[in-house]
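Dear colleague,

Please find the structure below, together with its sequence. After it I have written down what was found, going slowly from one part to the next.

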Amino acid sequence: SEDGYFNSHFLRKPEERWKNREDHELYCAGHLMEAAVEYYKATGKDKFLKLMQDYADYIYKVFVIEDLAAFKTPGHEEIELALVKLYDVTENKKYLELSKYFIDTRGTIEEPYILEKYNHYNIQDHLPVRQQKTAEGHSVRASYLYSGMADIAVKYNDTELFEACKTIFSNIVNKRMYITGGTGSSHLGEAFTLDYDLPNSKGYAETCAAIALAFFAQRMLLLEKNSVYADTVERVMYNGMLSGISLDGKAFFYENPLEIQPVLNKRNVSTTFTERNPITQRKEVFSCSCCPPNVIRFIGAINGYIYSYEQDILFINQYISSEMLYENIQADMKTDFPSSGNVSIKTKNINQIAIRKPYWCTDVDIKVNGNDAIYTLEKGYMYLGLTETNNTIDIKMDMPVRLVRSNPKVHEDSKKTAVMRGPIVYCAEGIDNDFPLNQILFNEKCEYKVNKSNDLDADILKLRVKIPKESDELYTFKPFEYIDKELTLIPFYCFANRGETEMRVWL
Ligand SMILES: [Zn+2]
């Protein structure tokens, strides 16, 4: 409208503008601003960008100058990080101030809940953000907020805010994150719950929450060169984000549980009651449409996660074939990662390079122009000096199949094993394995084969394992007799692409 407001739903009902904190007006504004910035960067056309600048100016007036809204901070965070992007292309400091205003104000004043059954934790205003120590509430809201906090910490060199981000990030990755990078383990409030509460078949792990965690992690990488951040981006990228889209790109998951038991949806044989369980197959359309476009824009922006360049050091954060040109420096990366850990990088005019050593990598060999390289390892990055103008760096990362155990405090994973190869988390599907997928015994030094599946266009694993011999007894006093079996595992992101079937990550 004339005043800069931009939301077609409320243009029809102007009297409802800025009345209800749950109405997602600022959330939608944030996504529109991000879209306008990216459209401008891709095409150079600024019509949409100008409209969003008008909208941001108007929001600044409503919230900061005239205080006209029925609430002070967004009911669903997102605009905080979007305003920083808008500042980056326009250099208008007002947008940065508005983002900082929303972040600094959250939790400092009494505001309405968004819905009657929610509390302040759900919308992260239970405390001023600088005092928050744990990841709380709606997991998408939360990680968008933390991303905005990290942005503001960078822009204002705000060490207090950075420390809060560090504490929250550590709480997430050490206590509240699935092995897939999914977060928000409960559908109740789509929220973070308690430390180590990571149920598998009831796991929520919204696609948007995984993506939001990658946003948060990538911003933390700007504040501190520590591989844990890029490792987390990688974990999300190849697992909890990618599972959100089908292999043909046409259907999506909103929830990404780590276990599917089709029987759970068939238990109401004698009633019309239904239990709430995650859906077992992806859908083309959801009534709440956040996740599908989030996956698409994340994949579209993946180039931004590969390199960073700071203080004359080129950082290699992700292994993706790509060419990079920045001022007079160049890099050209070739790799079939994550199929193998072999990466070759040609560089020009780069004097120092820092290569991430992933958390799953046991052994790495680096050659510069054919000679063994000497490097120093600092916070998960391998720093190498380069003496020539043009260099070829060959990296060979060991990528064996590795068995993973969770902290015993994660009840649902106790005595269970997950399997990873490189960054890929694997799962077993019933369609590939004609035996029960619980009670599998793994050999610590397991024999395995890596095969290419044309069906799934992915590397699948065949592992020698032991399972209890089949029996007709419901209960028995006899110890199990184990027999050898070949277990087929597929990447987690490939699950539910061949019809409804059992699926387990933790075996
Ligand atoms: Zn979503």
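**What was found**

Leaving out residues up to four places away in sequence, L487 touches A428, N433, F435, L437, I440, F442, L461, K462, L463, V465 and L507. Please keep in mind while reading that this is a predicted model.

L487 also has a place in the wider picture, since it is one of three residues, with W18 and I59, that touch the most other members of the largest nonpolar core, a set of 159 residues. Helix α8, which covers residues 207-223, gives the largest share of this core, namely 12 residues.

**Domains**

How is the protein divided by its domain assignment? The assignment gives domain 1 (1-112), domain 2 (118-258 + 274-303), domain 3 (307-397) and domain 4 (401-504). Between domain 3 and domain 4, the C-alpha centres are 34 Å apart, and the contact takes 7 residues from domain 3 and 8 residues from domain 4.

**Strand β18, a surface patch and a loop**

Strand β18 runs over residues 482-491, and Y482 lies in it. Together with L441 and F480, Y482 makes a nonpolar surface patch of about 270 Å². Y482 has a relative accessible area of 33%, and it therefore counts as partly exposed, because that class lies between the 20% limit for buried and the 50% limit for exposed.

I431 is found in the loop between β15 (424-429) and β16 (448-453), and with a relative accessibility of 45% I431 is likewise described as partly exposed. Which residues does I431 contact, once its neighbours within four places in sequence are left aside? They are R498 and T501. In addition, the C-alpha atoms of I431 and G499 are separated by 8.6 Å, although these two residues are 68 residues apart along the chain.

**Salt bridges**

A search of the whole structure finds 43 salt bridges, and I describe some of them here.

In one of them, the side chains of R21 and E111 meet with an N to O distance of 3.4 Å. This pair links distant parts of the chain, 90 residues apart, with R21 in the loop between α1 (8-12) and α2 (25-43) and E111 in the loop between α5 (93-105) and α6 (139-155). Are R21 and E111 buried or exposed? R21 is buried, and E111 is buried as well.

In another, the side chains of D195 and R176 meet in a salt bridge at 2.7 Å, N to O. R176 belongs to helix α7 (159-176) while D195 sits in the loop between α7 and α8, so this pair ties together parts that are 19 residues apart in sequence. D195, with a relative accessible area of 32%, is partly exposed, whereas R176, at 7% relative accessibility, counts as buried.

D365 and K367 form a further salt bridge, in which the closest N and O atoms are 3.4 Å apart. Here D365 is partly exposed, with a relative accessible area of 33%, and K367 counts as partly exposed at 28% relative accessibility.

Finally, there is a network of salt bridges, in which E34, E38, K41, K85 and R297 are linked.

When you open the structure, you might begin at L487 and its contacts, among them F435 and L507, and then turn to the salt bridge between R21 and E111.

With best wishes

How values were computed:
Residues numbered from 1 in each chain as written. Predicted model: local features only at pLDDT ≥ 70, side-chain atom pairs only at ≥ 80, totals over all residues. Heavy atoms only, no water. Patch = residues over 30% accessible without salt bridge, like charges linked within 9 Å, V, L, I, M, F, W, Y side chains within 5 Å. Areas by Shrake-Rupley, 256 points an atom, 1.4 Å probe, with all protein chains shown as cover. Salt bridge = Lys/Arg side-chain N within 4 Å of Asp/Glu carboxyl O. Helix = DSSP H or I, 4+ residues; strand = E, 2+ residues; numbered from the N terminus. Buried < 20%, exposed > 50% of the residue type's maximum accessible area, 1.4 Å probe, protein only. Core = buried A, V, L, I, M, F, W, Y, C linked by side-chain atoms within 4.5 Å. Contact = heavy atoms within 4.5 Å. Domains from an automatic or database assignment.
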